[in-house]
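Biologist: Before we use any labels for this chain, could we go through them one at a time and set each against its rule?

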Amino acid sequence: MELLDIHTHKADSNNLSSIYNSYIYIEERNISIGIHPWNISNDWKEFFTAIKEHARKENVRAIGECGIDKLKSPAGLEQQIEIFKAHAILAEEVNKPLIIHCLKGFDELIALHKELNPVQAWIIHGFRGKPQQTEQLTKAGFYLSFGEKFNTESLKSTPVEKLFVESDESNLPIHEIYRNIAENKGISTEELAMQTAQNAQKCGIFI
C-alpha cells in the first residue's frame, strides 16, 4: 500500500498517492492548487481565474493551500478572508476538499466554517496546535493533517477518522513520518495507513 501524503512541497516526490501543492496547474502529477496567504498580490484575481479554469481536472485533487496567516501574509485580514472564501466556494463548486494554512487565525476559520457550512472537507495542514484547539476544530468538523513536527497530546486527542499525514517541506521520507505518528498515536503504521486512505476516500480525494 502506498502511503497517502496529503500535502507536499517536494518536487521530486514520485509517490502516486502524494498531493503536490502548487499555485499553477501541473499536468504530470496529483496536485492541490491555490493561493497561499504568503503569496497574495494585487493581481490575485488573475491567478485565481487560472486556478478556476483547471480546478475540475482529475489530477487536481484538492483546492489550496489557502488560508489565514496573521503573522506572515502581506495582505490584511479582510483581504485574506475574501480570498479564502473564494477558494472555499470553488471547492464546493468542484466537489473537492480544501487544504488550509492557518496561523493565529483559528477563531476566524471556525467562524467562516459556521458561516459557509461547507459540504466538502476542510483540512488544516501542518497542524501543531494545542489539545484544546484540537477539540474545538474536530468538533466543528475539520480534518487535521500532521507532519514531522506536532504536539503529541493534540495528536493523541485527534480522532483517527479526522486525521491525515503529510510531508510538507520535511526532508524525512513519508514512511518515517507515518511511523512516528503511528507510534505516538498508539497504533500500527498499517492501521494508520488504512485509516488515512479511508479518510481520503470519504473526502473524495482518491476514489
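Modeller: Let us start with histidine 7, bearing in mind that this is a predicted model: once its neighbours within four places in sequence are left aside, histidine 7 is in contact with Ile19, Asn21, Glu65, Ile99, His125, Glu166, Ser167 and Asp168. Histidine 7 has its place in strand β1, which covers residues 5–8.

Biologist: Why is histidine 7 called buried?

Modeller: The relative accessibility of histidine 7 is 0%, and buried means under 20%, so histidine 7 counts as buried.

Biologist: What makes the meeting of the side chains of histidine 7 and glutamate 65 a polar contact?

Modeller: The two side chains come to 3.1 Å, and the rule asks for a pair of N or O atoms within 3.5 Å, one able to donate a hydrogen and the other to accept it, so the pair is listed as a polar contact.

Biologist: Why is the pair of lysine 85 and glutamate 115 called a salt bridge?

Modeller: Their side chains meet at 2.8 Å, N to O, and the limit for a side-chain nitrogen of Lys or Arg and a carboxyl oxygen of Asp or Glu is 4 Å, so the pair satisfies the rule for a salt bridge. This pair links distant parts of the chain, since lysine 85 belongs to helix α2 (residues 77–94) and glutamate 115 to helix α3 (residues 106–116), 30 residues apart. In general, side chains of opposite charge can pair when their charged atoms come close.

Biologist: Are lysine 85 and glutamate 115 buried, exposed or partly exposed?

Modeller: Lysine 85 has a relative accessible area of 25% and glutamate 115 has one of 48%; partly exposed lies between the 20% and 50% limits, so lysine 85 is partly exposed, and so is glutamate 115.

Biologist: How many salt bridges does the structure hold?

Modeller: The structure holds four salt bridges, including the one in which the side chains of lysine 139 and glutamate 135 meet at 2.9 Å, N to O. Lysine 139 and glutamate 135 are four residues apart in helix α4 (residues 131–140), and therefore about one helical turn separates them.

Biologist: Why does lysine 139 count as exposed, and why does glutamate 135 count as partly exposed?

Modeller: Exposed means over 50%, and lysine 139 stands at 66% relative accessibility, so the label exposed applies. Glutamate 135 stands at 42%, so its label is partly exposed.

Biologist: How do you know that lysine 156 and glutamate 153 meet in a salt bridge?

Modeller: Their side chains meet at 3.8 Å, N to O, and the rule allows any such distance within 4 Å, so the pair is counted as a salt bridge. Lysine 156 and glutamate 153 both lie in helix α5 (residues 152–157), three residues apart, about one turn of the helix.

Biologist: What makes the pair of phenylalanine 84 and tryptophan 122 edge-to-face?

Modeller: The count comes to eight aromatic pairs. In the pair of phenylalanine 84 and tryptophan 122, the ring centres are 5.1 Å apart and the planes stand at 85°; rings pair if their centres lie within 6.5 Å, and planes over 60 degrees apart count as edge-to-face, so this pair is edge-to-face. Phenylalanine 84 is in helix α2 and tryptophan 122 in strand β6 (residues 122–124), and the pair links distant parts of the chain, 38 residues apart. Phenylalanine 84 is buried at 0% relative accessible area, and tryptophan 122 is buried at 1%.

Biologist: Which residues form one aromatic cluster?

Modeller: One aromatic cluster is formed by Phe106, Phe127, Phe146 and Phe150.

Biologist: Why is the charged end of lysine 57 said to sit over the ring of tyrosine 25?

Modeller: The charged end of lysine 57 is 4.3 Å from the centre of that ring, and the rule asks for NZ of Lys within 6 Å of the ring centre and within 35 degrees of the ring normal, so the distance meets its part of the rule.

Biologist: Is leucine 192 buried or exposed?

Modeller: Leucine 192, found in helix α7 (residues 189–202), has a relative accessible area of 2% and is therefore buried.

Note on methods. Residues are numbered from 1 along each chain as its sequence is written. This is a predicted model: local features need pLDDT of at least 70, side-chain atom pairs count only at pLDDT 80 or more; totals for chains, interfaces and linings use all residues. Side-chain values use heavy atoms; hydrogens and water are left out. Helices (H or I, at least four residues) and strands (E, at least two) are DSSP runs, numbered from the N terminus. Buried means under 20% relative accessible area, exposed over 50%, partly exposed in between (1.4 Å probe, protein chains only). Contact means heavy atoms within 4.5 Å. Rings of Phe, Tyr and Trp (its six-membered ring) pair if their centres lie within 6.5 Å; planes under 30 degrees apart count as stacked, over 60 as edge-to-face and the rest as tilted.
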